[in-house]
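Let's take a walk through a protein together, one step at a time. Have the picture open beside you and turn it as you read.

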Amino acid sequence: MQKDQPSIFQQFIGNNIEREIKTVCIMVEMFCKHHHHGDELCEKCKGLIDYAENRIRKCTFGINKPVCSECGIHCFKPEMRSQIKDVMRFAGPRMNFKHPVLAIYHLIRKYRLM
Ligand SMILES: [Zn+2]
């Protein structure tokens, strides 16, 4: 087997960047539904997702990026950082029940099992 070929497991879960963006989207949607009571994402939350996606894609670590909560660089500007923190605080504990698969991958990466 070639060395830099992604494992079947990696192919299955996709790369870190896409998965992290997906996780952020789900978390912001949960937060918005609960706090802003719309059927669709409000403008503020849409803006937050756009901002986060942009930062994640531009992350200097590229495909090997660590999860943002562990990263030492803190590339979010303070205003966005405090917004995303509120989202994480609200949605984080709920992720385990609503999206067990993503939550498990998040934990796997958190403890660097991959
Ligand atoms: Zn909202």
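Start with one residue, Val24. If you set aside the neighbours within four places in sequence, Val24 is in contact with Ile49 and Ala52. Keep in mind as you look that this is a predicted model.

Now step back and take in the whole chain. The protein has five helices and zero strands, so reading from the N terminus you pass the elements in the order α-α-α-α-α. The protein has 114 residues, and 13% of them count as buried. What about contacts across the sequence? Among contacts in the protein with a separation of 6 or more, 66% are between residues 24 or more positions apart.

Next, let's look for the core. The largest nonpolar core is made up of eleven residues: Val24, Met27, Val28, Phe31, Cys32, Cys45, Leu48, Ala52, Ile84, Val87 and Ala91. Which elements give two or more residues to this core? They are α2 (16-36), α3 (43-58) and α4 (78-98). The largest share, five residues, comes from α2. Val24, where we began, is one of the core residues.

Two of these helices deserve a closer look as a pair. α2 and α3 pack with their axes 10 Å apart, at an angle of about 165 degrees. Angles over 145 degrees count as roughly antiparallel, which means that α2 is roughly antiparallel to α3. The crossing of α2 and α3 is right-handed.

Which residues meet where these helices pack? On the α2 side you will find Ile17, Glu20, Ile21, Val24, Cys25, Val28, Cys32 and His36, and on the α3 side Cys45, Leu48, Ile49, Ala52, Glu53, Ile56 and Arg57. Sorted by class, this contact of α2 with α3 has eleven nonpolar, one polar and three charged residues.

Let's zoom in on some members of α3, beginning with Cys45, which lies in that helix. Is Cys45 buried or exposed? A residue is buried if 20 or more other C-beta atoms lie within 10 Å of its own. Cys45 has 21 other C-beta atoms within 10 Å, and therefore Cys45 is buried. Not counting residues up to four places away in sequence, Cys45 touches Val28, Cys32 and His36. You can also find Cys25 from here: Cys45 and Cys25 are 20 residues apart in sequence, and their C-alpha atoms are 9.4 Å apart in space.

Leu48 is also found in helix α3. Leu48 counts as buried because 23 C-beta neighbours lie inside 10 Å. Leaving out residues up to four places away in sequence, Leu48 touches Val28, Met80, Gln83 and Ile84. Leu48 also leads back to our starting residue: the C-alpha atoms of Leu48 and Val24 are separated by 9.5 Å, with their positions 24 residues apart along the chain.

Gly47 has its place in helix α3 as well. With 14 C-beta neighbours inside 10 Å, Gly47 counts as partly exposed. Gly47 and Met80 are 33 residues apart in sequence, yet 9.5 Å apart in space, C-alpha to C-alpha.

Now let's visit a loop. His37 is found in the loop between α2 and α3. Is His37 buried or exposed? A residue with 12 or fewer such neighbours is exposed. His37 has 8 other C-beta atoms within 10 Å, so His37 is exposed. The backbone here has something to show you too. Most residues other than glycine have a negative phi. Phi of His37, however, is near 55 degrees, a positive value in a residue other than glycine.

Our last stop is Lys98, which lies in helix α4. Lys98 counts as exposed because there are 12 C-beta neighbours inside 10 Å. Where does Lys98 sit with respect to Ile26? The two are 72 residues apart along the chain, and their C-alpha atoms are separated by 9.7 Å.

Notes:
Residues numbered from 1 in each chain as written. Predicted model: local features only at pLDDT ≥ 70, side-chain atom pairs only at ≥ 80, totals over all residues. Core = buried A, V, L, I, M, F, W, Y, C linked by C-beta atoms within 7 Å. Helix = DSSP H or I, 4+ residues; strand = E, 2+ residues; numbered from the N terminus. Contact = placed C-beta atoms within 7 Å. Axes fitted to C-alpha atoms, helices over the stretch in contact; angles between N-to-C directions. Parallel < 35°, antiparallel > 145°, perpendicular 65-115°, else oblique. Left-handed = near helix turned anticlockwise from the far one by under 90°. Nonpolar A, V, L, I, M, F, W, Y, C, P; charged D, E, K, R; others polar.
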